[in-house]
Amino acid sequence: MKSVTKKIRNAFLLVCLGLSSHHVFAQHPNLDITSDDVTSMRAAVESNGLFQQAYLAQKAMLDEQILLPVDVPVPKDGGGGYTHERHKKNYQLMYDAGIVYQITQDKRYANYVRDMLLEYAQLYPTLPPHPKRKIGKQNPGKLFWQSLNEAVWLVYTSQAYDLILPSLSAGEKTTIEEGLFRPIAKFLSVDSPETFNKVHNHGTWTTAAVGMTGYVLGELEWVEQALYGLDKSGKGGFLKQLDELFSPQGYYNEGPYYQRYALMPFVVFAKAIQTNQPERKIFEYRDGIVLKAIDTTIQLSYNKLFFPINDAIKSKGIDTIELVNGVAVAYGLTNDAGLLDIAKQQNQILLTGDGLKVAQALDNKLTQPYQFKSVAFGDGNDGKQGALVIMRQNVNGEQAVLFKPAAQGLGHGHFDKLTWQLYDRGEEIVSDYGAARFLNVEAKFGGRYLPENKSWAKQTVAHNTVVVDETSHFNANVKKGNANHPELLFFDKNDHVVMSSAKIDTAYKGVSLKRTMALINLPTKNNEAPELSFVVDVFDVQSKNKHQYDLPVHYKGHLISTNFELDTQLTNLPVLGKDNGYQHLWLKAQAKPKAGLSQITWLNDNGRFYTSSSIMDGDTSIIFSQIGANDPLFNLRNENAFINRKANAKNHTFVSLIEPHGEYNPSKEFTLEAVSKVNKLSHQKIENIDVIEITLTNNKRYILAYNAQQNIKDKHVNRFSFNGSTYQFDGRFKLFDI
């Protein structure tokens with residue numbers, strides 16, 4: 001057993017940074033690098049190019065750091081505080097110094113890591129649970145307020161230790177391993193079984209940390225536990241997480257923000273497994289689920305930022321280190337030139353074997369455009385628990401609609417079934433609030449999720465979907481939300497229309513919700529570039545009992561005009577409601593438009609106008625609101641919405657169209673087409689076919705007809721009569737140019 005362990009450890013130590021067993025140079029390389037030719041890395045740092053630039057920048061930074069005293073403070077601060085940030089900085093410094101040591105063989109860098117590890121080995125055994133831990137809510141760390149951060153620290157630090165092992169004496173190894181690595185691995189696994197066995201991003205980081213440390217220390221039992229759970233039954237562990245947390249297409253159940261965060265441990269541990277136990281074929285597991293997850297993470301972005309559904313910080317994007325690492329590893333395995341397009345935008349080169357491949361490919365101008373697509377990512381491990389739908393069109397700048405008939409997303413999910421967002425010309429137009437949190441800003445609730453994350457951000461009214469009787473979906477019960485999900489009725493597309501429909505009958509007792517959305521670019525003659533595009537939204541609500549139905553639209557920009565009169569609150573702002581998120585909304589204005597077409601226009605920061613045109617029945621009111629009520633510490637952003645409210649109704653269909661148009665240029669002082677071109681909008685249900693007619697101010701007419709029934713075939717023939725004419729189409733929908 002010892003010889004097998006030694007063999008695996010040696011292979012692990014040699015190959016991960018790009019070293020083969022026949023080419024020994026600094027014998028203990030990093031975990032997440034697959035190139036086996038360190039000579040190329042050494043040559044690269046001597047030659048002009050992106051890799052050399054990255055190396056020189058990192059080395060210069062380290063040369064300053066290693067002159068400073070090692071700082072390993074006693075933990076006392078929550079997220080964002082000095083000790084928290086210092087321990088984060090330490091693991092990054094150790095990791096970076098270890099890599100530079102591998103390339104240079106200069107023991108100054110190894111000694112810097114050694115000295116810091118010896119400090120930690122002396123400190124760690126003395127630490128109680130962190131003083132800022134959240135009692136009773138989640139496992140605390142010792143270095144950090146939650147064990148999640150402890151696991152992240154160990155993922156990096158185990159690699160740093162591996163990188164400098166050749167420089168250490170036997171006594172130093174014993175001190176570091178017995179004082180630090182063995183206690184922390186035990187603390188994260190045996191002493192924290194709830195987290196270690198949990199199918200969740202916390203569990204992913206923890207199993208990766210313990211498994212990687214097991215490889216470095218030659219503890220194969222730890223590796224087996226990391227892969228299969230503490231009891232090795234397969235009911236928990238890394239492989240179970242690969243099975244449960246991703247759909248077959250690589251969509252992560254908690255949404256893009258946490259898919260990005262969890263990507264690092266999935267990728268780096270998979271790389272370590274491939275290095276040490278290639279017979280496991282980890283990158284082929286579940287039909288290549290890890291590589292699919294990397295690509296899906298890229299697809300879940302717009303203008304370099306991730307779609308901010310669920311508990312998301314809206315500033316996170318494709319340049320995050322987790323995806324930088326993922327793209328490098330994926331390119332190293334696939335040589336997909338489209339990934340180089342993303343790597344170029346990330347503008348970060350890793351000092352790894354895969355990083356070298358990326359750098360050299362960019363130097364050689366091998367980049368091909370990455371293809372963003374319209375796609376429905378099935379949710380759940382079987383891909384059948386709803387879907388996250390991305391619709392894209394290129395109309396005067398890329399447009400995207402994110403439609404969310406997806407599953408709950410565990411504890412980080414929001415109660416927002418069938419919500420949607422709109423993006424155009426690089427900006428968010430119809431928005432999602434994301435998370436109520438100032439990440440690592442200790443002055444704001446210790447950098448943790450704010451109380452308003454639960455009272456506002458998760459609540460249904462904070463999203464662009466129907467709220468029944470001012471209560472949230474599933475009554476804001478996470479367990480019930482996780483047990484129920486929408487059903488994707490269809491997703492389809494052609495050259496001019498991307499369309500999807502979904503329903504859910506369990507968000508409210510006795511109420512059925514069905515939404516159909518289409519992103520349209522209007523056909524033009526002679527293959528000219530389309531100038532007009534629309535988002536069509538049809539939301540059907542049905543119930544045997546009467547309810548109040550609210551449909552918010554959270555918009556980004558400044559209100560320009562309405563085609564109806566507003567009753568505006570001028571001197572006193574009432575609060576819209578008492579709970580379920582309504583307590584955070586100021587009532588700024590209200591109106592009851594006449595039957596017909598209501599229009600609301602706003603101007604976005606991208607210099608474009610947007611008009612929401614809705615069919616009104618004369619009995620539906622519109623409420624204009626702003627976030628900020630019952631917010632004593634100013635934790636919430638003051639964003640705007642308008643809410644279509646239908647009171648005292650059993651069934652109701654909200655039909656609207658959002659139209660981008662015109663341009664406002666304050667620098668050059670001109671305004672173009674600030675008024676909507678939509679003159680009329682109608683909707684009829686003709687047997688199983690919905691018919692929407694759009695009439696423009698130039699009298700041009702379009703008809704969008706669709707069949708949202710379940711289980712119809714692609715060649716199903718639909719016929720309907722409308723305004724004296726008969727129309728026919730196959731499959732799900734057709735846009736008729738009248």
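In this predicted model, the buried residues of helix 16 are Gly353, Asp354, Gly355, Leu356, Val358, Ala359, Ala361 and Leu362. Helix 16, which spans residues 353–363, is thus mostly covered, with eight of its eleven residues buried. Just after helix 16, lysine 365 adopts a positive phi of about 55 degrees.

A helix pair comes next. The axes of helix 12 (residues 256–276) and helix 14 (residues 321–334) approach within 8 Å and cross at roughly 40 degrees, and the crossing in which helix 12 passes helix 14 is left-handed. The residues that make this contact are set out by helix below.

| Helix | Residues in the contact |
|---|---|
| Helix 12 | Arg260, Tyr261, Leu263, Met264, Val267, Lys271, Gln274 |
| Helix 14 | Ile321, Glu322, Leu323, Asn325, Gly326, Val329, Leu333 |

By character, the residues of the contact between helix 12 and helix 14 divide into eight nonpolar, three polar and three charged.

Among the strands, four form an open sheet in the order 24-25-26-29, with antiparallel pairing. Because strand 24 (678–686) and strand 29 (733–737) stand at the edges with a single partner strand each, one side of each is left without a neighbour in the sheet. Neighbouring strands of this sheet are turned against each other by 15 degrees on average, direction ignored. Within the sheet, strand 25 (residues 689–696) and strand 26 (residues 701–707) run antiparallel and are joined by seven bridges; isoleucine 694 has tyrosine 702, in strand 26, as its bridge partner.

Definitions and conventions: Residues numbered from 1 in each chain as written. Predicted model: local features only at pLDDT ≥ 70, side-chain atom pairs only at ≥ 80, totals over all residues. Heavy atoms only, no water. Buried < 20%, exposed > 50% of the residue type's maximum accessible area, 1.4 Å probe, protein only. Helix = DSSP H or I, 4+ residues; strand = E, 2+ residues; numbered from the N terminus. Pairing = 2+ DSSP bridges. Axes fitted to C-alpha atoms, helices over the stretch in contact; angles between N-to-C directions. Left-handed = near helix turned anticlockwise from the far one by under 90°. Contact = heavy atoms within 4.5 Å. Nonpolar A, V, L, I, M, F, W, Y, C, P; charged D, E, K, R; others polar.
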